[in-house]
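User: Hello! Could you teach me to read this structure, one feature at a time?

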Amino acid sequence: MNVILMGPQGSGKGTQAGRIGPRLGLTQVATGELFRAAIAARTGLGRRIKDLYDRGDLVPDDLTIGLVEEKLDEIDRERDLGEGVGGALFDGFPRNREQAKALDAALARREQAITAVVRIDVPLAMLVARLAGRRVCKRCGAVYHVEFNPPRADGVCDRCGGEVVQREDDTAEAVTKRLEIYFKQTEPLLAYYEERGLVAAVDGDRPIEAVTEAIVAAITRHVPSANAAVSPTAGEQG
Ligand SMILES: [Zn+2]
């Protein structure tokens with residue numbers, strides 16, 4: 001079983017991935033984490049990624065796919081060892097159609113396929129409220145929220161007494177712009193999976209527990225009797 005979790009910043013995607021992975025025996029595959037781990041391990045790929053980071057460049061698709069493939073191999077090994085691993089939970093990957101096709105090809109080589117794509121829906125106004133309410137301590141980096149998690153004293157960090165401020169890229173305008181870009185970029189990606197009937201939408205504007213249950217239910221509905229079955233379109237990318 002291989003599941004993709006999709007949702008914009010502020011949708012609670014990361015939180016949900018952390019809850020659902022252990023529930024369903026899925027290993028979380030977050031590319032940001034993979035990049036950091038590769039850099040720390042100083043592998044060949046890691047060194048190339050560090051060079052890109054240092055120059056402020058984006059990691060190209062082929063490097064990203066390379067790391068994801070290494071992770072898929074690791075998951076397969078763990079599964080073979082009977083460690084209760086049932087597949088991958090992709091979080092923040094794929095980001096575009098090219099990556100999606102490469103992922104399909106990588107899974108097809110392992111006689112696997114994407115089982116379900118879960119889209120976490122949260123109204124734009126709610127996303128903006130969640131993100132634009134974020135405040136950060138200038139001294140220790142502690143994160144607060146004006147509504148959901150305010151510091152005890154206004155503008156003062158509970159932990160270190162430092163000044164708690166709104167970052168420039170967390171203003172309502174900046175957040176709205178970022179979200180609009182996200183929706184524009186993910187639409188073609190969603191269409192790619194919708195063509196194959198893989199997308200399930202979940203209402204993310206609810207308490208964390210309710211969202212988790214809805215996601216688990218959506219994934220379970222999509223699980224075919226034979227998990228390893230390769231979808232008819234999975235192999236078309238050469
Ligand atoms: Zn602080």
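Analyst: Gladly! We call two residues in contact if their C-beta atoms, placed from the backbone, lie within 7 Å. This is a predicted model, so local features need pLDDT of at least 70 and side-chain atom pairs count only at pLDDT 80 or more, while totals for chains, interfaces and linings use all residues. Residues are numbered from 1 along each chain as its sequence is written.

User: How many helices and strands are there in the protein?

Analyst: Helices (H or I, at least four residues) and strands (E, at least two) are DSSP runs, numbered from the N terminus. The protein has eight helices and eight strands. Its radius of gyration, taken over C-alpha atoms, is 19 Å, close to the 18 Å that the globule rule (2.2 Å times the number of residues to the power 0.38) gives for 238 residues, so the protein is as compact as a globular protein of that length. The C-alpha trace spans about 55 × 40 × 35 Å along its principal axes. Among the contacts with a separation of 6 or more, 71% join residues 24 or more positions apart.

User: What percentage of the residues of the protein count as buried?

Analyst: A residue is buried if 20 or more other C-beta atoms lie within 10 Å of its own, exposed if 12 or fewer, and partly exposed in between. By that count, 29% of the 238 residues are buried. Strand E4 (residues 116-121) is a good place to look: five of its six residues are buried, so E4 is largely enclosed by the rest of the structure.

User: Which strands run parallel to E4?

Analyst: Strands of a sheet pair through backbone hydrogen bonds, either parallel or antiparallel. Here two strands count as paired if DSSP finds at least two bridges between them. Strand E1 (residues 2-6) is joined to E4 by four bridges and runs parallel to it; Ile 4 stands opposite Val 117 in E4. Strand E8 (residues 199-203) also runs parallel to E4, with five bridges between them. In that pair, Asp 121 stands opposite Asp 203 in E8.

User: Which residues of H8 are buried?

Analyst: An α-helix has 3.6 residues a turn, so residues three or four places apart point the same way. In H8, the buried residues are Val 211, Ile 215 and Ile 219. They cover an arc of only 70 degrees around the axis (taken from the directions from the helix axis to the C-beta atoms), which puts them on the same side of H8. These buried residues pack against E1, helix H1 (13-24), E4 and E8. On the other side of H8, Glu 209, Ala 217, Thr 220 and Arg 221 are exposed. Helix H8 itself (residues 208-222) has 15 residues and reaches 22 Å from its first C-alpha to its last, close to the expected 21 Å (1.5 Å times one less than its number of residues).

User: In what order do the strands of the open sheet lie?

Analyst: Three strands form it, in the order E6-E5-E7, with antiparallel pairing. E6 and strand E7 (164-165) stand at the edges with a single partner strand each, so one side of each has no neighbour in the sheet. E5 and E6 pair over three bridges: Val 136 stands opposite Val 143 in E6, and Arg 135 has Tyr 144 as its bridge partner there. Five residues lie between the strands of this hairpin, where Gly 141 takes a positive phi near 85 degrees. E5 and E7 pair over two bridges, and Cys 137 has Val 164 as its bridge partner in E7.

User: Which side chains of E5 point to one face, and which to the other?

Analyst: In a regular strand the side chains alternate between the two faces of the sheet. Along E5, Arg 135 and Cys 137 point to one face and are buried, whereas Arg 134 and Val 136 point to the other and are not.

User: What does UniProt list for "binding site"?

Analyst: UniProt positions are given in the numbering used here, with feature names shortened, and annotations may be inferred rather than shown by experiment. The unreviewed entry's list includes Gly 10, Lys 13, Arg 134, Val 143 and Arg 206. Arg 134 lies in strand E5 (residues 134-137) and is partly exposed, because it has 18 C-beta neighbours inside 10 Å. Val 143, in strand E6 (residues 143-145), has 11 and therefore counts as exposed. Leaving aside neighbours within four places in sequence, Arg 134 is in contact with Val 143, His 145 and Asp 170, while Val 143 is in contact with Arg 134 and Val 136. The unreviewed UniProt entry also annotates residues 134-169 as "domain: Adenylate kinase active site lid". Over residues 134-169 the chain is 0% helix and 25% strand, and the end C-alpha atoms are 10 Å apart.
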